[in-house]
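Q: Can you walk me through this one? I'd like the folds and the odd backbone spots.

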Amino acid sequence: MFIIKYIKEVFSGLKSLAVGLRRTLYYFTHHKEIITEQYPDNRETLKLSDRFKGEVVMLHDENNEHACTGCTACELACPNATIKIITQFDITPEGKKKKALDKFVYHLELCTMCNLCIVACPTDAIKMAQTFEHSVYDRSELTKILNKPGSHIRAGVE
Amino acid sequence: MLSFSDISKFIDSWLRDIFNPTWTMVIEMMIAGVCVIGLFAVLGLVLVLMERKVAAWIQIRLGPNRVGPKGMLQSLADTVKLLVKEGMTPDGADKFLFNFAPFIAMMVAMLLMAPIAFAKDFQLWDMNIGVLYFSAISSIMVISILMAGWASNNKYSLMGAMRSGAQIVSYELSAGLSILAIVVLSGSLNLNDIILSQADGWWIFKGHIPVIISFIIFIIAVTAETNRAPFDLAEAESELTAGFHTEYSGMKFALFFLAEYINVFIVCAIGATLFLGGWMPFHIGHWDAFNHVMDYIPSSVWFFGKTFFLIFLIMWFRWTFPRLRIDQLLNLEWRFLLPISMFNILLVTLMAILGWHF
């Protein structure tokens, strides 16, 4: 019977509209759920979500040592040539030559925050920081060298 | 207690003491005109701010909160910005019609103010065909939209205007039929008589399910008639940039914008008058004590409270439902609303004849 189908159509339509209206009324009356951040005002107390990725940083401990072996796994993993690893050869106490990191060059202006370099790193030397105020007056300032001057690879990291 | 009708009577008698009747008439008309323009300005500011706040809260945002305390002066600042902007007329446009269209929109909105009873005994024009006047004048609105769309000499504007024409003409039918349900029940086209017939209960309570159905149809139809989402096909930002007012800028655009909000207010005022009793306080049958308490609330508060409740309802719809396609829009009217309201009007007539309402 088409008339029954018609009435059913009307009622199911009204019901689905009511479901939508209930949802928006809930949001309208629950101001605590507002997720907007009043950014420049709450700069000190700003809490970002865990998954937010701002830029790549290299972790240094208190002895100015990092865990980067200069293996270039991150450089190979990067889809748009953001990372450039410059290596040098250190002389170990045994008198052997050993490949080590000289400069970790990071182009923030090219980075898409895809996280692939972090995943590729075998020694967890780099991670994503939550900083986001990256504006600078000259684009050359966006090319960063991540290893601090005078830093060495931590002993025991291969 | 000081009411609007006391103030108007006082001004009237004061003017009559000073001037002769003709000049009293002229001055009163001027006062009424200034009041209407003032109400327009205030309504425009308040409704724009209200819309933005309601939209923000529904979308879990904060809304305007920088200009003035809690963002109260945001719409005022926007108005000042629109006032100082240049009102461009495109080269290929029909200059006269292009500049004339916004004023028609405003004129229609102003004319529609006439029959509305804002408070007890406070009305611009107490005419005996108020409902008919409302339905007749509100359909002139489409002329200003078509005029704006045609004169802009822009395909998007013309498409928006044509859609708006199809939409307003078809939704006028079900809006008219749902208004007719109340006319049948109260037996009068006079808005004041309709309000007085609701002294022992509003029609939405007295009229059972048929009146509730016609109320729902009325709300849907007037949302479509005022070109608001989910029926804002005339504007359709995502498809037609801004529809009929694509080419308008500055104050000419602001007039269209203002007319839209004034129309929302007016249709909600008419809806409140017909279904929710206008300025009539909430009365329950013969509970005299309760009714007396309700009478202490001024009638203007009742009227504006009900009207703003309906305005909130329409804003709530706007920020909940997605926009319909043009074929879905016409389907909704011709396949659903019109047959239902036709059947409904028969039901209401039967109810009125047999006296089944309270």
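A: One term up front: helices and strands here are DSSP runs, numbered from the N terminus. On that basis, A:N115 lies in the loop between β4 (97-107) and α3 (116-120) of chain A. Keep in mind that this is a predicted model.

Q: What is phi of A:N115 near?
A: Phi is near 75° there, a positive value in a residue other than glycine.

Q: How many other C-beta atoms lie within 10 Å of A:N115?
A: There are 14, so A:N115 is partly exposed. Buried would take 20 or more, exposed 12 or fewer.

Q: Where does A:T72 sit?
A: A:T72 is in the loop between β2 (65-66) and α2 (73-77) of chain A. Its phi is positive too, near 65°, and A:T72 is not a glycine. A:T72 counts as partly exposed because it has 17 C-beta neighbours inside 10 Å.

Q: Switching to chain B. How many helices and strands?
A: Chain B has 15 helices and 2 strands.

Q: What about α7(B), does its length agree or disagree with the expected span?
A: It agrees. Helix α7 of chain B runs over residues 155-186, which is 32 residues. At 1.5 Å a residue the helix should span 46 Å, and its end C-alpha atoms are 46 Å apart.

Q: Where is the kink in α7(B) centred?
A: On B:E172, with a kink of about 25°.

Q: And what follows α7(B)?
A: B:G187 does, with a positive phi near 70°.

Q: What is the radius of gyration of chain B?
A: 21 Å. A compact globule with 358 residues would come out near 21 Å, so chain B agrees with that. Its C-alpha trace spans about 65 × 60 × 45 Å along the principal axes.

Q: How much of chain B counts as buried?
A: 42% of its 358 residues. Among contacts in chain B with a separation of 6 or more, 78% are between residues 24 or more positions apart.

Q: Now the contact between the chains. How many residues from each?
A: Chain B gives 10 residues and chain A gives 12. The chain B side has 8 nonpolar, 1 polar and 1 charged residues.

Q: What ipTM does the predictor give the complex?
A: An ipTM of 0.74, with a pTM of 0.81.

Q: Where in chain B is confidence lowest, and where highest?
A: Lowest in helix α11 (residues 237-240), at a mean of 71. Highest in helix α14 (residues 299-318), at 87. The mean pLDDT of chain B is 83, and 98% of its residues reach 70 or more.

Technical notes:
Residues are numbered from 1 along each chain as its sequence is written. Chains are lettered from A and ligands numbered from 1 in the order in which they are written. This is a predicted model: local features need pLDDT of at least 70, side-chain atom pairs count only at pLDDT 80 or more; totals for chains, interfaces and linings use all residues. Helices (H or I, at least four residues) and strands (E, at least two) are DSSP runs, numbered from the N terminus. The expected span of a helix is 1.5 Å times one less than its number of residues. The bend at a residue is the angle between axes fitted to the seven residues ending there and the seven starting there. The radius of gyration is taken over C-alpha atoms; the globule rule is 2.2 Å times the number of residues to the power 0.38. Two residues are in contact if their C-beta atoms, placed from the backbone, lie within 7 Å. Ala, Val, Leu, Ile, Met, Phe, Trp, Tyr, Cys and Pro count as nonpolar, Asp, Glu, Lys and Arg as charged, and the others, Gly among them, as polar. pLDDT is the predictor's confidence in each residue, from 0 to 100.
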